[in-house]
Amino acid sequence: MRNIDEHTITGAVLESLEGCDDPRLKQILGALVTHLHDFVREVQLTEDEWLQGIRFLTATGQMCSDTRQEFILLSDTLGVSMLTVALNRKQSAAATEATVFGPFHVDDAPRLEQGCDIAAGAPGRPLDVDVVVRSSDGTPLPGAEVDVWQADEEGLYDVQRGPHRRARAVMKTDAEGRLRFRAIVPTAYPVPTDGPVGRMLVASGRHPWRPAHIHFLIKADGHETLTTHLFRDGDPYLDSDVVFGVRRSLVVEMGDTLTHTFVLDRS
Ligand code: BEZ
Ligand code: FE
């Protein structure tokens, strides 16, 4: 019989996975156990600290609801979400870069026409948006679906205020792959801080701010779906986004107007 101690326990847990007949699950669990054990050894985790960690994860789960996903926020603020995006969304050099999806997209955004005002009463300075969607070979993409969402001037998404949908819309590009609409100039806002992730940020001396941005989810036949943002140039948080989502190529001028070309790779 093997004696379980700090030197043999990792091997014992890995051996217990031998019967797992899903090779990918076996690989993921094996690596997770190995790294977790190494982490415990490296920091010489005390029992009190272990319990504190368990309480933190319990509170994170308890904070989750239909409209609040504290685990995704934890992943975002630890850089895991953006790392997963960076690893999995490897576009061609021509294509628009992807960034985090975030928790504020909804599936039932209003479907609006070219030229509309998506703000629908949300507080903020008007921003005239004029974008083109094209394929990485340069061809314009007519009929591309452009799903847009943004926070208002007070840094809140509609879903944080109530059931009324505003400052978001799903629209289609015209025959030239172009889409024009009115939105509002985005402002920086803090991620929700009233839960365990907020307490973690405070305890670790971090601020909760995201630089001003507008979200875009763009779908076109025969092309990879693009999940991205455009960030407002000059924002003071561009270099310290709490979810590490900024890519230089996504930082653009947003005075009273915003013009941009999105480029999608063929699938
Ligand atoms: C957002 O941009 O909407 C967002 C992304 C990650 C965490 C919180 C908010
Ligand atoms: Fe956002």
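Author: Before we start, a polar contact is a pair of N or O atoms within 3.5 Å. Keep in mind that this is a predicted model.

Reader: Okay, how far is a polar side-chain atom of tyrosine 157 from an oxygen atom of ligand 1?
Author: Tyr157 is one of the residues around ligand 1. The cut-off for a polar contact is 3.5 Å, and the pair of atoms here fits within it, so it counts. The distance from the tyrosine 157 side chain to the ligand oxygen is 3.4 Å.

Reader: And what distance does histidine 215 keep from an oxygen atom of ligand 1?
Author: Let's take histidine 213 first: an N or O atom of its side chain is 3.0 Å from an oxygen atom of ligand 1. For histidine 215, a polar side-chain atom and a ligand oxygen are separated by 3.0 Å.

Reader: How much of what ligand 1 exposes when taken alone does the protein bury?
Author: On its own, ligand 1 exposes 260 Å². Put the protein around it, and the share buried is 100%.

Reader: Which elements give two or more residues to the shell around ligand 1?
Author: The space the ligand takes up is the largest cavity. By class, its shell has seven nonpolar, three polar and two charged residues. The elements giving two or more of the shell residues are helix H4 (70-77) and strand S7 (213-219).

Reader: What about aromatic pairs: how many residues apart are phenylalanine 101 and tryptophan 149?
Author: The count comes to five aromatic pairs. Phenylalanine 101 and tryptophan 149 form an edge-to-face one, 5.7 Å centre to centre with 75° between the planes. Phenylalanine 101 sits in the loop between helix H5 (80-88) and strand S1 (126-135), and tryptophan 149 in strand S2 (residues 145-149), so the pair links distant parts of the chain. Their separation is 48 residues.

How values were computed:
Residues are numbered from 1 along each chain as its sequence is written. Chains are lettered from A and ligands numbered from 1 in the order in which they are written. This is a predicted model: local features need pLDDT of at least 70, side-chain atom pairs count only at pLDDT 80 or more; totals for chains, interfaces and linings use all residues. Side-chain values use heavy atoms; hydrogens and water are left out. A residue is near a molecule or strand if one of its heavy atoms lies within 4 Å of it. A polar contact is a pair of N or O atoms within 3.5 Å; within protein, one must be able to donate a hydrogen and the other to accept it, and residues adjacent in sequence count only if both atoms are side-chain atoms. Accessible areas come from the Shrake-Rupley method with a 1.4 Å probe; for residues, only the protein chains shown count as cover. On a 1 Å grid over the protein atoms alone, a cavity is a set of points where a 1.4 Å probe fits but cannot get out, and a pocket is an open set with protein on both sides within 12 Å along at least five of seven lines; lining residues have an atom within 4 Å of a point. A molecule sits in a cavity or pocket if more than half of its atoms lie within 2 Å of its grid points. Helices (H or I, at least four residues) and strands (E, at least two) are DSSP runs, numbered from the N terminus. Ala, Val, Leu, Ile, Met, Phe, Trp, Tyr, Cys and Pro count as nonpolar, Asp, Glu, Lys and Arg as charged, and the others, Gly among them, as polar. Rings of Phe, Tyr and Trp (its six-membered ring) pair if their centres lie within 6.5 Å; planes under 30 degrees apart count as stacked, over 60 as edge-to-face and the rest as tilted.
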